[in-house]
Every structure is written in structure tokens, then in C-alpha cells.
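Here's a quick briefing to read with the model open beside you. Take it topic by topic and find each spot as you go.

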Amino acid sequence: MRGWDLVVQPFSYDAAFVFMEEIMQRFFFNKRLIIVLVVLIISFVLVAFSITVRNNKATPPLVQQVGNDAAGMADRVIAYPANGLKSAMGSFSDLMNTYSENQRLKSQVDSLASEKVKDQTLKRENKKLKEQLKLNKTLTDYEKISASVLTRSPSAWQNQVVISKGSLSGIKKNAAVMSKKGLVGRITEVNKTNSKVELLSTTNDSANRFATQVMTKNNKVVNGLITGYNATSNYLVMGQITVKTGMEKGDKVITSGLGGNSPKGLYVGTVAKVEEDDYGLASKVYVKPAADFTDLDVVTVAKRVD
Amino acid sequence: MRISRMRYFFPLGLFVALFLDGALSQAFAGAMFTSTLAIESRLVLLWIVMAVCFGKIDHILVWSILAGLVFDLYYTGIIGVFVVILPLIMYLTKLMYRFFTPSFIVVLLIYLIDVTVATVMFYWINLLIGFTNVSMAGFIGLSLGSTLAYNLAVFVLLYFPLQRFFESFSK
């Protein structure tokens with residue numbers, strides 16, 4: 001009706017104003033709708049903001065750090081009993097298969113001592129040679145910071161754990177993180193007293209860019225990048241391979257130290273299979289990771305010293 | 001003036017449930033995150049749903065927003081996801097609960113709907129920002145089914161203790 005009035009009346013600001021007001025009232029009458037919309041917009045802005053901060057800045061904003069540190073403190077009270085329960089259960093299952101394990105290990109122990117001596121001599125020789133060449137720091141030098149794992153994100157999409165050391169202990173963003181067996185991930189967020197580790201098993205687009213190399217049987221080196229993770233087979237995918245030849249199943253894969261975030265020589269895993277990629281141009285190497293990403297209690301952060 | 005003890009117990013339990021989710025995921029990661037299933041522990045959701053159904057709690061909206069904020073800050077580092085999902089679930093539960101008489105089955109069904117909504121929303125947001133590329137069918141098989149089964153089991157175990165707790169302290 002109002003619309004019809006507007007058509008027959010000569011144009012007047014008054015009428016237009018009343019008309020607009022009525023539309024606005026009808027539209028904005030539903031307060032609940034407005035609240036929902038505003039909340040959604042705020043939420044999207046926050047998500048966008050935190051993704052940008054996550055990728056660009058070395059540390060999160062101070063407010064976020066303080067919140068995280070407070071949460072970390074509270075979490076320690078709950079995490080320690082839970083981890084105690086886990087280790088109690090672990091020691092029970094350890095006890096059950098001690099005998100067979102002992103048999104297997106006995107054979108390895110004898111050779112280990114001689115390996116160790118050889119390792120020490122080589123290390124000493126290496127140090128002396130470096131001194132002679134006046135090489136103070138190389139890619140293989142790093143400091144170790146060990147930390148315990150506080151908690152894991154209860155989420156199917158974030159393969160993330162929180163560890164108990166932060167910037168106060170000298171942890172830097174993008175540093176490599178290892179378990180006892182091998183490389184497990186990288187630091188994505190550093191707070192004062194805790195930090196977040198994104199595991200290699202994540203499928204996040206912006207993760208998993210470790211520079212690695214395959215050491216082949218005939219002493220050649222093949223460089224590449226860890227570009228992804230195959231969840232069904234539990235293999236890391238190594239792409240961007242420089243040369244194709246010479247790789248065999250069982251060859252060791254280590255970090256190459258290129259790219260500036262991780263030191264050289266951290267053990268990643270062994271080659272499981274080599275495949276042509278989707279276009280037949282380069283090859284894709286599937287790497288069986290040495291570390292178990294679901295069984296972490298103590299981790300070591302490798303801090304480059306150069 | 002008598003102050004209900006729930007004023008202290010509810011936030012305390014809320015954050016214990018929140019941190020217990022992470023602690024359980026860490027302790028049993030080998031069983032909860034495999035190549036065929038991914039279980040998301042949602043004790044914090046159970047706490048909120050039981051509180052809405054059986055407790056009389058002041059400022060429950062504020063507390064659920066706070067719990068969501070801590071979840072986002074501490075577990076994922078992406079703010080704006082659970083800070084919206086948790087209050088929404090609280091509101092949804094209140095809305096549904098109004099039409100029913102309280103019983104074990106009714107609360108169970110409400111809780112299942114809540115967990116489904118929360119899991120689907122969480123998946124959708126992660127898909128949107130590129131943290132996962134699992135398809136909808138893959139998500140249902142990998143995460144939704146196992147998450148529902150796990151949370152259902154936890155619900156059956158904790159329903160009666162929590163019901164008694166909230167009813168006795170809310171008088």
C-alpha cells in the first residue's frame with residue numbers, strides 16, 4: 001500500500017524517509033538475526049586475523065600469549081596426573097613383552113659399543129679438522145632444548161601438541177622438533193612458557209616444508225622437500241626431487257639444513273617406495289617416518305646456532 | 001544472602017573438562033588418532049549440556065564463551081571457532097530442552113545432536129581455512145562416526161553422576 005502511495009504522490013523527502021524507516025524497521029525488527037550476523041562477522045574476522053598472525057609473525061600478540069601461558073599453567077595441574085596414568089599403563093605393557101625384547105636387544109648391544117667408540121673418534125677428528133679449517137659453525141651444529149608434551153589438541157584436523165617450554169627457554173618459531181626416534185614437526189607458535197608444535201602428520205596447506213635429503217647406498221645425495229603426508233599409509237611424501245636415480249627402499253632420509261629453519265642431519269625416516277608423480281616428470285618419494293606421531297611424551301627442540 | 005556453591009563448582013568443572021579433553025587426547029593418541037578414525041573428545045560439551053539441563057547456573061553464556069576462547073587460544077591458535085560454537089550449542093540445548101520432559105533418553109538425544117552440530121561446524125571451518133582436505137564422505141567415516149560413538153560412551157558413563165551433582169548443588 002505504501003508503495004502505491006509513493007507512486008501517485010509527487011516526490012517528497014518526507015514520504016521517502018517514512019518509507020525507508022518502515023523498511024528498516026521491518027528488516028531490523030528481528031534482533032536475533034542481527035545478533036547472529038554480527039557474531040558471524042566477528043568470528044570470521046577473528047579467524048582471518050589469527051591465520052595471518054600465525055603465518056607471518058614470530059610470536060602471537062601479547063594478549064594471546066598471556067592467555068596461552070595462563071591456560072598452560074592450569075593445564076599442567078591436569079596434564080601431569082593424566083600422563084602419569086599413561087606411563088603406568090605403558091610400563092605394564094612393557095613388562096609383558098620384556099623377555100622377547102631382551103632377546104632381540106642382546107644381539108644389538110654388542111655391536112653398539114664398538115659403534116659408539118668409532119663415533120667418538122670421528123667426532124673428535126671432525127672437531128679438530130674444523131678447527132684447522134677455521135670453521136666455527138656448520139649446518140650440523142645445533143643446541144638441544146628438551147621439553148615435555150603437555151597436551152594434544154582434541155581435534156581431528158589439527159595435529160598439534162603443546163610443549164612445556166617457550167621463548168624464555170630460547171625456543172624460536174619454525175624450529176625443528178624431534179622425538180627420541182626422529183623428526184616429528186615444527187614450532188608454529190611461541191609463548192613465554194609453552195609453545196605449539198605442528199606435527200608432520202598434519203595436512204595443513206602451509207605446513208610440512210622441511211628440506212630433506214636421501215642418502216643413497218652409493219654415497220650420493222638427493223635433495224627434496226617434505227611436501228605432504230599420506231594418512232592411510234602413514235608415509236611422508238617427499239617431492240621436488242633434484243635427481244631421480246639411485247634411490248632404493250631403506251635408504252635413510254635426513255634434514256638437509258637448507259632453508260634456514262632446521263639444522264642438517266636430523267633423522268626423518270627411511271625410503272618406503274619411489275614413484276613417478278602425477279605427470280611423470282619428477283619422482284615422489286614415500287618416506288616411512290622413524291618417529292611415532294601419536295606416542296610423544298618428551299621432545300627435543302633443535303635450535304640452530306648460526 | 002546464601003550463595004550457591006555452584007558459582008564455584010561450575011567454572012572449575014568446565015575448565016577441568018576442557019583440559020581433560022586435551023590430556024585424554026594426548027594420553028591415548030595412539031588409539032584416538034589412527035589412519036581410519038579420529039576421535040574428538042568433547043567432555044566440555046557434556047559439562048555444558050548437563051549444566052543446562054539439570055543445574056541453575058548464573059552467567060552460563062559468559063562461561064561458555066570464555067571456555068570457547070581458551071579452547072581456541074590454547075588448542076588450535078585460531079580464535080573465533082569454538083568461541084562461537086560453544087555458546088551456540090548452549091543456546092541450542094536450552095531451546096530443545098524446553099519442549100521435553102527430562103529423562104535419560106531425551107538428554108542423550110539432545111547431546112548427540114549437539115555433538116553432531118559441533119563436529120560438523122568444526123570440520124566445515126577447518127575445510128574453509130585449508131587445514132584439511134578430507135571430503136564430506138571421508139569426514140563422516142573418519143571422524144563423525146567415531147566421535148559420536150566415543151562421546152556416547154562417555155555420556156552413558158557420566159550421566160548419572162553429573163545429574164546428581166548438578167541437582168544437589170543447584171538447590
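How much area does chain A expose, and what share of it do carbon and sulfur atoms supply? Chain A exposes about 18500 Å², and carbon and sulfur atoms supply 60% of that. Keep in mind that this is a predicted model. The notes below start with chain A as a whole, go through its two barrels, and end with the nonpolar cores.

**Chain A at a glance**

- Chain A has 5 helices and 12 strands.
- Out of the 306 residues in chain A, 38% are buried.
- If you take the contacts in chain A with a separation of 6 or more, 56% of them join residues 24 or more positions apart.
- The domain assignment splits chain A into domain 1 (2-56), domain 2 (57-96 + 142-306) and domain 3 (97-136).
- Going by C-alpha atoms, the centres of domain 2 and domain 3 of chain A sit 24 Å apart.

**The barrel with β1 and β12**

- In chain A, 6 strands make a closed barrel in the order β1-β2-β5-β4-β3-β12, with antiparallel pairing.
- From one strand to the next, the twist averages 45 degrees.
- Strand β1 (residues 142-152) of chain A pairs with strand β12 (residues 298-304) of chain A over 7 bridges, in the antiparallel sense.
- To find that pairing on screen, look for S146(A), whose bridge partner in β12(A) is T300(A).
- Chain B comes in here too: its helix α1 (residues 6-27) lies across β1 and β2 (160-163) of chain A, and runs at about 115 degrees to β1(A).

**The barrel with β6 and β9**

- Chain A has another barrel of 6 strands, closed in the order β6-β7-β8-β11-β10-β9 and again with antiparallel pairing.
- Neighbouring strands in this sheet are turned by 50 degrees against each other on average, ignoring direction.
- Strand β6 (residues 211-215) of chain A pairs antiparallel with strand β9 (residues 252-256) of chain A over 4 bridges.
- β6(A) also pairs antiparallel with strand β7 (residues 221-230) of chain A, over 5 bridges.
- Q213(A) is a handy marker: it stands opposite I254(A) in β9(A), and its bridge partner in β7(A) is N223(A).
- β7(A) in turn pairs antiparallel with strand β8 (residues 235-239) of chain A over 5 bridges, where G228(A) stands opposite V237(A).

**Turns in that barrel**

- The hairpin of β6(A) and β7(A) has 5 residues between the strands, and N219(A) in the turn has a positive phi of about 60 degrees.
- The hairpin of β7(A) and β8(A) has 4 residues between its strands, with N234(A) taking a positive phi near 60 degrees.

**Two loop threonines**

- T216(A) lies in the loop between β6 and β7 of chain A.
- Is T216(A) buried or exposed? T216(A) counts as buried because its relative accessible area is 6%, under the 20% cut-off.
- Leaving aside neighbours within four places in sequence, T216(A) is in contact with V222(A), G246(A), M247(A) and D251(A).
- T59(A) is in the loop between α3 (31-56) and α4 of chain A.
- T59(A) has a relative accessible area of 34%, so it counts as partly exposed.
- With neighbours within four places left out, T59(A) is in contact with Q65(A) and V190(A).
- T59(A) and I171(A) are 112 residues apart in sequence, yet 11 Å apart in space, C-alpha to C-alpha.

**Nonpolar cores**

- The largest nonpolar core has 69 residues, and F10(B), M50(B), V107(B) and F166(B) touch the most other members.
- Each of these helices supplies at least two residues of this core: α4 (62-96) of chain A, plus α1, α2 (29-32), α3 (43-54), α4 (60-76), α5 (82-97), α6 (104-128) and α7 (136-169) of chain B.
- Which helix gives the most to this core? That's α3(B), with 12 residues.
- Apart from this core lies another one of 38 residues, among them V184(A), V271(A), L296(A) and V299(A).
- Back in the largest core, F166(B) is worth a look: beyond its neighbours within four places in sequence, F166(B) is in contact with M6(B), F10(B), W47(B), M50(B), A51(B), F54(B), G55(B) and I57(B).

Methods:
Residues numbered from 1 in each chain as written. Chains lettered and ligands numbered in written order. Predicted model: local features only at pLDDT ≥ 70, side-chain atom pairs only at ≥ 80, totals over all residues. Heavy atoms only, no water. Pairing = 2+ DSSP bridges. Axes fitted to C-alpha atoms, helices over the stretch in contact; angles between N-to-C directions. Contact = heavy atoms within 4.5 Å. Domains from an automatic or database assignment. Core = buried A, V, L, I, M, F, W, Y, C linked by side-chain atoms within 4.5 Å. Buried < 20%, exposed > 50% of the residue type's maximum accessible area, 1.4 Å probe, protein only. Areas by Shrake-Rupley, 256 points an atom, 1.4 Å probe, with all protein chains shown as cover.
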